[in-house]
Amino acid sequence: MLKDTWKKFDEIELTHSSVHHLMAMHELLARNGYVRGVDIAKYLNISRSSVSITIHKLVKKGYIREDENKFYHFTEKGRALINDVLSKRRIIRLFFEKVLNLPSKRAEEEACKVEHLLEEETGQKLMNFIGFYLSERQEATAFKKALDQFIYDCNTVESCEFCELHCFFSGKKTVPSR
């Protein structure tokens, strides 16, 4: 691992929790047409004070605004962020579901874990890959067939390009790609 890679997480403007507050807002606005702090708290099953702290930070950072009736609305910056996160989540979920063949629920859970951590360029490259993979192109069909039949054969840690200190597959059942 690169020495300073972990520091990149500090550069992410919003925490996972903050993004979930915004996602809750998005879903509540779509469902009800309005959203208040208490609605977010109920939706996320957390305390109103916790929501209040996070909402205050999101207002200060310019992602949402509060009107005179204590209803919350997205700013353009907030709408753009939600669109980016939802798009990346969908792309990642499709990768996990269609390429790695994970069950739909698990694919959604895994996508949720990383959706806001990916850089824009990474999301775009993943979208290109998924677009190719799901296409009916002859090369894509051949790739899918080869992937379905491929099982990684781990030799030793010394000669493995993946393992560092201990074999990743040691004591685990290896599963085919699909």
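Tutor: Contact here means heavy atoms within 4.5 Å. The model is predicted.

Student: What covers the buried residues of H4?

Tutor: The buried residues of H4 are Val51, Thr54, Ile55 and Leu58. They cover an arc of only 105° around the axis, so they lie on the same side of H4. What covers them includes two helices and two strands: H2 (16-32), H3 (37-44), S1 (64-66) and S2 (72-74).

Student: Which residues are exposed on the other side of H4?

Tutor: Exposed means over 50% relative accessible area. On the side of H4 away from the buried residues, the exposed ones are Ile53, His56 and Lys60.

Student: How far apart are the end C-alpha atoms of helix H4?

Tutor: H4 has 13 residues, running over 48-60. At 1.5 Å a residue the helix should span 18 Å, and the model agrees, because its end C-alpha atoms are separated by 18 Å.

Student: Which residue with a positive phi follows H4?

Tutor: H4 takes in residues 48-60. The residue that follows the helix has a phi near 85°, and this residue is Gly62.

Student: Is Thr54 buried or exposed, and with which residues is Thr54 in contact beyond its neighbours within four places in sequence?

Tutor: Thr54 lies in helix H4. Its relative accessible area is 10%, and buried means under 20%, so Thr54 is buried. Leaving aside the neighbours within four places in sequence, its contacts are Ser18 and His21.

Student: How are the rings of Phe129 and Tyr133 arranged, stacked or edge-to-face?

Tutor: Both residues lie in helix H7 (residues 120-134), four residues apart, about one turn of the helix. Their ring centres are 6.0 Å apart and their planes are at 20°. Planes under 30 degrees apart count as stacked, so the arrangement of Phe129 and Tyr133 is stacked.

Student: Which of these two, Phe129 or Tyr133, is buried?

Tutor: Phe129 has 29% relative accessibility, so Phe129 counts as partly exposed. The other ring belongs to a residue with a relative accessible area of 2%, and the buried one is therefore Tyr133.

Student: Which residues form the aromatic cluster that includes Tyr133?

Tutor: The structure holds six aromatic pairs. The cluster also takes in Phe129, and its members are Phe95, Phe96, Phe129, Tyr133 and Phe143.

Student: Which charged ends sit over the rings of Tyr63 and Tyr133?

Tutor: Over the ring of Tyr63, 4.6 Å from its centre, sits the charged end of Lys77. Over the ring of Tyr133, 5.3 Å from its centre, sits the charged end of Lys144. The two residues asked for are Lys77 and Lys144.

Notes: Residues are numbered from 1 along each chain as its sequence is written. This is a predicted model: local features need pLDDT of at least 70, side-chain atom pairs count only at pLDDT 80 or more; totals for chains, interfaces and linings use all residues. Side-chain values use heavy atoms; hydrogens and water are left out. The expected span of a helix is 1.5 Å times one less than its number of residues. Buried means under 20% relative accessible area, exposed over 50%, partly exposed in between (1.4 Å probe, protein chains only). The arc is that of the directions from the helix axis to the C-beta atoms. Rings of Phe, Tyr and Trp (its six-membered ring) pair if their centres lie within 6.5 Å; planes under 30 degrees apart count as stacked, over 60 as edge-to-face and the rest as tilted. A charge sits over a ring if NZ of Lys or CZ of Arg is within 6 Å of the ring centre and within 35 degrees of the ring normal.
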